Amino acid sequence: MSYAAIDTTKMELSPMRVSYGTVGSEVDLGSTLGNVVISAKYMKSPLKADQSGETVRDRRVSGIEVTVTTELSEIQNKDIWQVVFPHATKSGTGTGSLAAITFNDAIGQGDLANAKRLILHPLSKADGDKSSDYTFYKALASAESSITYGPTEQARLKIVWNILPDESGVPNSFFRYGDPAV
């Protein structure tokens with residue numbers, strides 16, 4: 001009988017710290033509930049030839065779609081609402097009762113101008129250990145959420161982050177897994 005070699009030091013079981021902002025001044029968005037989900041999908045287009053009918057002869061990358069899903073639990077913090085709904089306006093001071101979020105008509109506002117860096121850091125690693133960090137160069141909340149209040153579950157803000165390409169390099173980059181300094 002053969003057994004696979006298993007190295008549990010290469011396995012991970014950890015919640016993540018979610019930080020968001022401009023390079024060097026990212027803000028910790030507080031505690032999360034549930035899992036953090038990272039989805040990356042290379043879209044492919046089929047290549048066909050008349051000589052072989054509908055047979056796909058090859059597939060070529062035609063794009064990439066990257067999303068991150070988080071659920072933030074500190075819903076009374078208005079600064080977090082401003083991140084979740086980047087096209088809304090925060091007024092007042094502070095993060096709690098002295099502040100308010102107003103949902104305005106934001107027709108024509110784009111995502112790229114508001115996109116910032118999103119960092120996911122496993123809490124099982126020391127703060128200085130960035131070997132398992134996810135760094136998304138241009139991220140923006142999808143500006144939609146559902147909030148449920150009730151007697152049996154804690155309220156939370158669900159965020160689906162859309163990851164846009166960072167066009168400052170060649171090729172365009174979306175994210176990096178591992179130490180950004182490497």
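When I say two residues touch, or are in contact, I mean they have heavy atoms within 4.5 Å of each other. Okay, hi everyone. Before we dive in: this is a predicted model, so local features need pLDDT of at least 70 and side-chain atom pairs count only at pLDDT 80 or more, while totals for chains, interfaces and linings use all residues. Residues are numbered from 1 along each chain as its sequence is written, and side-chain values use heavy atoms, with hydrogens and water left out.

Let's start with Asp-133. You'll find Asp-133 in the loop between β7 (116–122) and β8 (134–141); strands here are DSSP runs of E, at least two residues, and helices are runs of H or I, at least four, numbered from the N terminus. Not counting residues up to four places away in sequence, Asp-133 touches Ile-119, Leu-120, His-121, Pro-122, Arg-176, Tyr-177 and Gly-178. With one of those, His-121, there's a side-chain to side-chain polar contact at 2.4 Å. By polar contact I mean a pair of N or O atoms within 3.5 Å; within protein, one must be able to donate a hydrogen and the other to accept it, and residues adjacent in sequence count only if both atoms are side-chain atoms.

Now, which side chain of opposite charge is nearest to Asp-133? That's Lys-130, 4.3 Å away, and Asp-133 is buried yet has no salt bridge. Quick bit of vocabulary: buried is under 20% relative accessible area, exposed is over 50%, and partly exposed is in between, using a 1.4 Å probe and protein chains only. A salt bridge needs a side-chain nitrogen of Lys or Arg within 4 Å of a carboxyl oxygen of Asp or Glu. For charge, Lys and Arg count as positive, Asp and Glu as negative, and His and the chain ends are not counted.

Staying in that loop between β7 and β8, we have Ser-131. Ser-131 counts as partly exposed because its relative accessibility is 40%. The side chain of Ser-131 makes a polar contact with that of Asp-129, at 2.6 Å. Leaving aside neighbours within four places in sequence, Ser-131 is in contact with Lys-125, Gly-178 and Asp-179.

On to salt bridges. How many does a search of the whole structure find? Nine. One of them joins the side chains of Arg-17 and Asp-127, 2.6 Å from N to O. Arg-17 sits in strand β1 (residues 16–21) and Asp-127 in the β7–β8 loop, so this pair ties together parts 110 residues apart in sequence. Arg-17 is partly exposed at 22% relative accessible area, whereas Asp-127 is exposed at 53%.

Another salt bridge has Arg-156 meeting Glu-71 at 3.4 Å, N to O. Those two are 85 residues apart, with Arg-156 in the loop between β8 and β9 (157–164) and Glu-71 in strand β4 (residues 58–72).

Then there's Lys-90 with Asp-79, 2.5 Å from N to O. Lys-90 is in strand β5 and Asp-79 in helix α1 (residues 78–84), so the parts tied together here are eleven residues apart in sequence.

Last stop: strand β5 (residues 89–92) pairs with β6 in the antiparallel sense over four bridges, where pairing takes at least two bridges found by DSSP. Thr-89 stands opposite Thr-102 in β6. Which side chains along β6 (residues 99–102) are buried? Ala-99 and Ile-101, pointing to one face, are buried, while Ala-100 and Thr-102 point to the other and are not. That's the tour, thanks!
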